[in-house]
Amino acid sequence: MDSSSAFAAPPPPRFVTLRDGSRVVLRPLEPADEPLLREGFARLGRDSVFKRFLGVPHLGDEAFAYLCHPDQVDHLALGAECPEPPAGRGRGVAIARSIRVREEGEDVSEVAIAVADEWQRLGIGRRVLDALAAWAWRSGVRRWYALSTTDNEGIQRALERVAEPLHRRIEGPGALSTWWALRPPDDAPG
Ligand SMILES: CC(C)(COP(=O)(O)OP(=O)(O)OC[C@H]1O[C@@H](n2cnc3c(N)ncnc32)[C@H](O)[C@@H]1OP(=O)(O)O)[C@@H](O)C(=O)NCCC(=O)NCCS
């Protein structure tokens with residue numbers, strides 16, 4: 001397959017078990033998830049918001065409409081949800097996106113992710129990115145870049161688990177883009 005846009009079936013929902021034994025479901029984002037996304041954003045700590053958006057934005061209705069209606073061809077969005085969260089944790093666990101940026105190249109997407117604070121360091125970031133990378137590959141994406149703060153070691157570690165580092169570029173004070181080559185999924189035609 002070449003690297004032009006292609007519809008690739010979203011991965012079917014599946015349960016994964018995290019480091020602390022919690023079971024969460026990995027599944028494509030749907031428009032009906034808007035309340036969950038709004039609640040998750042409201043719960044996200046300031047530091048995580050800053051790392052995700054490189055600032056602390058106010059997300060209005062238009063922004064949520066965009067975030068909740070990925071076309072799942074050029075804008076892929078995969079989330080993780082815990083149907084019965086333990087006390088003190090939210091139902092929305094993580095959301096990751098792969099969004100085509102043709103100005104950067106025909107096969108390039110920006111990757112972005114946010115894991116709810118209380119769900120961090122349990123292995124969900126890597127699992128969501130892994131599933132998203134396989135889906136993105138099938139959609140014709142071959143390279144990802146991530147915009148992050150220069151001190152965001154977590155996203156570098158998580159991406160290292162699922163892709164090959166290519167290069168990095170300083171984008172401004174405290175901001176960095178890191179570039180990654182996606183690996184073919186195990187069942188990709190050779
Ligand atoms: C970065 C982020 C996505 C990582 O998700 P996570 O679920 O906590 O990560 P995982 O538990 O899957 O860990 C993946 C690897 O990264 C490492 N890691 C995770 N957070 C880390 C941190 N803060 N510092 C150092 N390493 C970290 C883990 O130890 C793990 O390494 P291992 O495989 O060697 O054990 C999450 O912390 C987050 O959403 N942060 C706020 C938003 C953000 O930074 N987004 C990225 C910009 S787009």
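**Group meeting: a walk through a predicted chain and its ligand shell**

Hi everyone, thanks for coming. The chain has 5 helices and 8 strands. Please keep in mind that this is a predicted model. If you trace the sequence from its start, the elements come in the order β-β-α-α-α-β-β-β-α-β-α-β-β. The chain is as compact as a globular protein of its length, because its radius of gyration of 16 Å is close to the 16 Å that the globule rule gives for 190 residues. For those of you setting up boxes, the C-alpha atoms fill roughly 45 × 40 × 35 Å along the principal axes.

Two more overall numbers before we go inside. Buried residues account for 33% of the 190 residues. And if you take the contacts with a separation of 6 or more, 67% of them join residues 24 or more positions apart.

Now to the ligand. Which residues come nearest to it? They are K51, G125, R126, G154 and R157, out of 23 residues around the ligand. Several elements give two or more residues to this shell: α2 (46-53), β5 (108-115), α4 (124-138), β6 (143-149) and α5 (153-160). The largest share comes from α5, with 5 residues. By class, the shell is a mixture of 9 nonpolar, 7 polar and 7 charged residues.

Next, the interior. The largest nonpolar core has 42 residues, and the members that touch the most others are L78, A94, V128 and L132. Helix α4 gives this core its largest share, 10 residues. Let me stay with A94 for a moment. Leaving out residues up to four places away in sequence, A94 touches G79, A80, I113, A114, V115, A116, W119, I124, G125 and V128. One of those partners, G125, is also among the residues that come nearest to the ligand.

Since α4 keeps turning up, let's look at that helix on its own. How many of its 15 residues are buried? The count is 13, so to speak a mostly covered helix. From its first C-alpha to its last, α4 reaches 21 Å, close to the 21 Å expected at 1.5 Å a residue. Just after α4, G140 takes a positive phi of about 100°.

That brings me to the backbone. As a reminder, most residues other than glycine have a negative phi. Here are two that go the other way. Q72 has a phi near 60°, and this residue sits in the loop between α3 (61-68) and β3 (75-81). R121, also not a glycine, has a positive phi of about 65°, and its place is the loop between β5 and α4. Are these two buried, partly exposed or exposed? Q72 is partly exposed, because 18 other C-beta atoms lie within 10 Å. R121 has 12 other C-beta atoms within 10 Å, so this arginine counts as exposed.

One last stop, over in helix α2, where we find V49. This valine has 17 C-beta neighbours inside 10 Å, and therefore counts as partly exposed. Beyond residues up to four places away in sequence, V49 touches L44 and V56. The C-alpha atoms of V49 and A116 are 9.8 Å apart, with their positions 67 residues apart along the chain. You may remember A116 from the list of residues that A94 touches.

That's my tour. Thanks for listening, and I'm happy to go back to any of these residues on the screen.

Methods:
Residues numbered from 1 in each chain as written. Predicted model: local features only at pLDDT ≥ 70, side-chain atom pairs only at ≥ 80, totals over all residues. Near = placed C-beta within 6 Å. Helix = DSSP H or I, 4+ residues; strand = E, 2+ residues; numbered from the N terminus. Nonpolar A, V, L, I, M, F, W, Y, C, P; charged D, E, K, R; others polar. Rg over C-alpha atoms; globule rule 2.2 N^0.38 Å. Buried ≥ 20, exposed ≤ 12 C-beta atoms within 10 Å, placed from the backbone. Contact = placed C-beta atoms within 7 Å. Core = buried A, V, L, I, M, F, W, Y, C linked by C-beta atoms within 7 Å. Expected span 1.5 Å × (residues − 1).
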